[in-house]
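Please explain this structure to me, starting with the whole chain and then going through its helices and loops.

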Amino acid sequence: MKKNLFSLLLPLFIAAILIATMTAAGSEWLLNKKINPMVVQAANLILLITSCLNIFFQKRNLQQPNPQAVMRGIIGATMVKLFFLASLVLVYIIAAGEKRSVYAVIVSMGCYIVYSWIETRISLRLKSDK
């Protein structure tokens, strides 16, 4: 059964809404734990965008007749995403200086794991649709 892009991305949007809601509702608690909620919200948005783009590219790559091209596309997109996010973390750490929130970066890494797990589930659904 072929799925349209929105139904594939729905779990990512649900995760983004849940993370954003929990961050907004618990912002005072997060601040008490020295976690900057704005950094977590920004990371959530960046992770949503990069995950959606990654799924879009994976869906496009699955239409290739060459299985090696499919694997190169999937691994390449994942590596670009990883390096892009790592560079954003470095930029944040350098730009924030003494006001940086290391705990917010750690929470964002946890969000990265959640998004990666959801992406893997979506990728498995894409593969089974083909």
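For the charge count used here, Lys and Arg are positive and Asp and Glu are negative, while His and the chain ends are left out. The place of each charge is taken as NZ of Lys, CZ of Arg, CG of Asp or CD of Glu. On that basis the protein has 14 positive and 4 negative charges, and their mean positions lie 11 Å apart. The model is a predicted one.

The protein contains five helices and zero strands, so the pattern along the sequence, by the DSSP runs used here, reads α-α-α-α-α. Its C-alpha trace spans about 50 × 30 × 15 Å along the principal axes. The chain has 130 residues, of which 32% are buried. About 8,600 Å² of the protein is exposed, with 72% of this area supplied by carbon and sulfur atoms. Of the contacts between residues at least 6 apart in sequence, 79% are made by residues at least 24 apart.

Helix α1 covers residues 5-25. Its 21 residues should span 30 Å at 1.5 Å a residue, and because the C-alpha atoms at its ends are 30 Å apart, the two values agree. The helix also carries a kink of about 35 degrees, centred on Pro11. The buried residues of α1 are Leu8, Leu9, Leu12, Ala15, Ala16, Ile19 and Thr23. An α-helix has 3.6 residues a turn, so residues three or four places apart point the same way.

The next stop is the loop between α2 (27-32) and α3 (37-61), where Lys34 is placed. Is Lys34 buried or exposed? Lys34 counts as exposed because its relative accessibility is 62%, and the cut-off for exposed is over 50%. Its phi is positive, about 65 degrees, although Lys34 is not a glycine. Most residues other than glycine have a negative phi.

Which residues does Lys34 touch, beyond those up to four places away in sequence? They are Ser101 and Tyr103. Lys34 and Tyr103 are 69 residues apart along the chain, yet their C-alpha atoms are separated by 6.7 Å. Ser101 is placed in the loop between α4 (67-96) and α5 (102-129). With a relative accessibility of 7%, Ser101 counts as buried, since buried means under 20%. Setting aside residues up to four places away in sequence, Ser101 touches Lys34, Ile35, Asn36 and Tyr92. The contact between Lys34 and Ser101 thus joins an exposed residue to a buried one.

A second lysine, Lys81, lies in helix α4. Lys81 is buried, because its relative accessible area is 5%. What is Lys81 in contact with, leaving aside its neighbours within four places in sequence? The partners are Thr50, Ser51, Asn54, Tyr112, Ser116 and Glu119. Thr50, Ser51 and Asn54 fall within α3 (37-61), while Tyr112, Ser116 and Glu119 fall within α5 (102-129).

The loop between α3 and α4 holds Leu62. Leu62 has a relative accessible area of 15% and is therefore buried. Leu62 and Lys34 are 28 residues apart along the chain, and their C-alpha atoms are separated by 43 Å. For the pair Lys34 and Tyr103, at 69 residues apart, the C-alpha separation is 6.7 Å.

Key
Residues are numbered from 1 along each chain as its sequence is written. This is a predicted model: local features need pLDDT of at least 70, side-chain atom pairs count only at pLDDT 80 or more; totals for chains, interfaces and linings use all residues. Side-chain values use heavy atoms; hydrogens and water are left out. Helices (H or I, at least four residues) and strands (E, at least two) are DSSP runs, numbered from the N terminus. Buried means under 20% relative accessible area, exposed over 50%, partly exposed in between (1.4 Å probe, protein chains only). Contact means heavy atoms within 4.5 Å. Accessible areas come from the Shrake-Rupley method with a 1.4 Å probe; for residues, only the protein chains shown count as cover. The expected span of a helix is 1.5 Å times one less than its number of residues. The bend at a residue is the angle between axes fitted to the seven residues ending there and the seven starting there.
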